[in-house]
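User: Got a minute to walk me through this fold? I'd like to start with the sheet and then see what packs around it.

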Amino acid sequence: MTKIGIIGATGAAGRAITKEAQARGLETTAIVRNLAKAKDLFGDTVSYLRRDAFDLTKEDLAAFDVVVNALSPAGLDIAYQHIDLATKLIAYFREAQSPRLFFILGAGSLKNGKGGRVLDDLEKNPDVAAWINAPRQQAKEFDFLNQVDNVNWVAISPGFLLTDGQKTDSILGTDTILYSGEKSETSTGTLASAILDEIQNPQHQQERFTVVNR
């Protein structure tokens, strides 16, 4: 049975991924700092590893077949932790096929269909100043991952909006932002389902793909 470790399992995306993995009968471990919060969410349906993401050792993770990085930094001023954790995980598993590392990126690094990236459009909008550091840092994370060719990794980006909600019918793509009508929205349930589909039936290797609600 596939063994999955989910870093940040109590966050919005992490919760949905953990519940979807458990529902599919996979051997699931929630990797969390707040064990009481995690047990309130998941009860005895999953296993637990109580650890800060940056205290994880290679030995902590080596027993998993897949490690999903669903970390959500506690503040926009430390959004650089997206890059810090990605580099830590990649460094642990250079020249290794297992575990497979699964990264969740933002929409900012997706192509905008106009010769640039979604982040380029955001940079022109003064209304996003309060939160643009997160897409900036996750775009840098994607740039880093794109240079890695000796680790078994894959990444996913949601649409422009990531909302808390159930899975729906979806549309899959690769590097260009997707729309359904005029909306580019991905629910956490849809994101989780796409991640688990990819884990159970791998289609992507050392690349990023994207999913939106239909």
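User: So how many strands form the sheet, and in what order?

Analyst: This is a predicted model, and in it eight strands make an open sheet, ordered β3-β2-β1-β4-β5-β6-β10-β8. The pairing is mixed.

User: Which strands are the edges?

Analyst: β3 (47-50) and β8 (170-173), each of which pairs on one side only.

User: And how much are neighbouring strands turned against each other?

Analyst: By 20° on average, ignoring direction.

User: Take β5 and β6. Do they run parallel or antiparallel, and how many bridges join them?

Analyst: They run parallel, joined by five bridges. As for who faces whom, Ala96 stands opposite Val151 in β6.

User: What holds paired strands together in general?

Analyst: Backbone hydrogen bonds, in either a parallel or an antiparallel arrangement.

User: OK, switching to helices. Which strands does α6 lie across?

Analyst: β4, β5, β6 and β10, and α6 runs at about 155° to β5.

User: What span should α6 have, going by its residue count?

Analyst: Helix α6 covers residues 133-145, and its 13 residues at 1.5 Å each should span 18 Å. The end C-alpha atoms are 18 Å apart, so the two agree.

User: Which of its residues are buried?

Analyst: Ala134, Pro135, Gln137, Gln138, Ala139, Glu141, Phe142 and Leu145 are the buried residues of α6.

User: And what covers them?

Analyst: The cover includes the strands β4 (66-69), β5 (96-104), β6 (151-157) and β10 (208-213), plus the helices α4 (81-92) and α5 (118-123).

User: Back to β4 for a sec. Is Val66 buried or exposed?

Analyst: Val66, which lies in β4, has a relative accessibility of 5%, and the cut-off for buried is under 20%, so Val66 counts as buried.

User: What does Val66 touch further along the chain?

Analyst: Leaving out residues up to four places away in sequence, Val66 touches Thr2, Lys3, Ile4, Gly5, Pro99, Arg100, Phe102 and Ile199. Take Ile4: it sits 62 residues from Val66 in sequence, but their C-alpha atoms are 4.9 Å apart.

User: Last one: how do α1 and α7 pack?

Analyst: Helix α1 (residues 12-23) meets helix α7 (residues 188-200) at an angle of about 50°, with the axes 8 Å apart. That angle makes α1 oblique to α7. The crossing is right-handed.

User: Which residues make the contact?

Analyst: From α1, Ala12, Ala13, Ala16, Ile17, Glu20 and Ala21; from α7, Thr188, Gly189, Leu191, Ala192, Ser193, Ile195 and Leu196.

Technical notes:
Residues numbered from 1 in each chain as written. Predicted model: local features only at pLDDT ≥ 70, side-chain atom pairs only at ≥ 80, totals over all residues. Heavy atoms only, no water. Helix = DSSP H or I, 4+ residues; strand = E, 2+ residues; numbered from the N terminus. Expected span 1.5 Å × (residues − 1). Buried < 20%, exposed > 50% of the residue type's maximum accessible area, 1.4 Å probe, protein only. Contact = heavy atoms within 4.5 Å. Pairing = 2+ DSSP bridges. Axes fitted to C-alpha atoms, helices over the stretch in contact; angles between N-to-C directions. Parallel < 35°, antiparallel > 145°, perpendicular 65-115°, else oblique. Left-handed = near helix turned anticlockwise from the far one by under 90°.
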